[in-house]
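Colleague: I am just starting out with protein models, and I would love a close look at the charged side chains here. Could you go through the pairs slowly, and then turn to any odd backbone angles in the loops?

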Amino acid sequence: MMETFMELMNWPAYVVATLVPIIIGFIWYNPKTPMGAIWVKETGMTHEKMKSSTMGLIFALSILFSFLMNFFIISHEVIHQFGAFSLVNKNPAEAIRLLTEYKDAYRTFPHGMLHGAFLGLFFVLPLFATNGMFERRSWKLIWINVAYWTISIMIMGGILCAWQ
């Protein structure tokens, strides 16, 4: 059974998917792009503030957090075969049957993106909207952040789901 679990774990896909938010963030939040310009204005970010921060630590933690999201949340949402492992202790034969029968079912990029969109709509939006409202942030800023994370999670989900 462990070999089957490890077959679902595609480490190169995890590495690539982990880098997606960093790559998209470089474009999305760049002050020279429309979204970045709005983000700078709405957050009050300045070039001086950006320079004064510990960017190495910020990037390292961002990569770690992205990996944790991919490993513990996104992959289990987009790869349905992980659900069979919940049966291992109760009914190992059924778990093996499900993994054998549905090995590659629903393992496509668009399917992973669809589940990423669901995570964006039903997980990211409620989190960011709740925090944003209590922090008295503008809805522009909330939507910029929600859209960034939804797009990132959609692409990460597509990569993890399709790259077998």
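Modeller: Happily! Arg-137 forms a salt bridge with Glu-135, and the closest N and O atoms of this pair are 3.5 Å apart. A salt bridge here means a side-chain nitrogen of Lys or Arg within 4 Å of a carboxyl oxygen of Asp or Glu. Arg-137 is counted as partly exposed because its relative accessibility is 38%; the label covers values between buried (under 20% relative accessible area) and exposed (over 50%), found with a 1.4 Å probe and protein chains only.

Before going on, please remember that this is a predicted model, in which local features need pLDDT of at least 70, side-chain atom pairs count only at pLDDT 80 or more, and totals for chains, interfaces and linings use all residues. Residues are numbered from 1 along each chain as its sequence is written, and side-chain values use heavy atoms, with hydrogens and water left out.

How many salt bridges does the rule give? The count comes to three. You have met the pair of Arg-137 and Glu-135, so let us turn to helix α6, which covers residues 92-101. (Helices are DSSP runs of H or I with at least four residues, strands are runs of E with at least two, and both are numbered from the N terminus.)

Find Arg-97 in your view of helix α6. Its side chain meets that of Glu-94 in a salt bridge, with 2.7 Å from N to O. Why are these two about one helical turn apart? Arg-97 and Glu-94 are three residues apart in α6, and so about one turn of the helix separates them.

Now look at Glu-101, whose side chain also meets that of Arg-97 in a salt bridge, here with 2.3 Å from N to O. Glu-101 and Arg-97 are four residues apart in α6, again about one turn of the helix. Because they share partners, the salt bridges join Glu-94, Arg-97 and Glu-101 into one network.

Are these residues of the network buried or exposed? Neither label fits: Glu-94 is partly exposed, at 26% relative accessibility. Arg-97 is partly exposed too, at 37%, and Glu-101 has that label at 46%.

Next, the backbone angles in the loops. Most residues other than glycine have a negative phi, which is a handy background for two residues in this model. Which loop holds Tyr-106? Tyr-106 is in the loop between α6 and α7. Its phi is near 60°, a positive value in a residue that is not glycine. Tyr-106 counts as exposed because its relative accessibility is 56%.

For the other one, go to the loop between α7 and α8, where you will find Arg-136. Arg-136 also has a positive phi, near 60°, and is likewise a residue other than glycine. The relative accessible area of Arg-136 is 69%, and so this residue is exposed.

To see it all together, try selecting Glu-94, Arg-97 and Glu-101, the members of the network, then Arg-137 with its partner Glu-135. Finish with Tyr-106 and Arg-136, the two positive phi values we have just visited.
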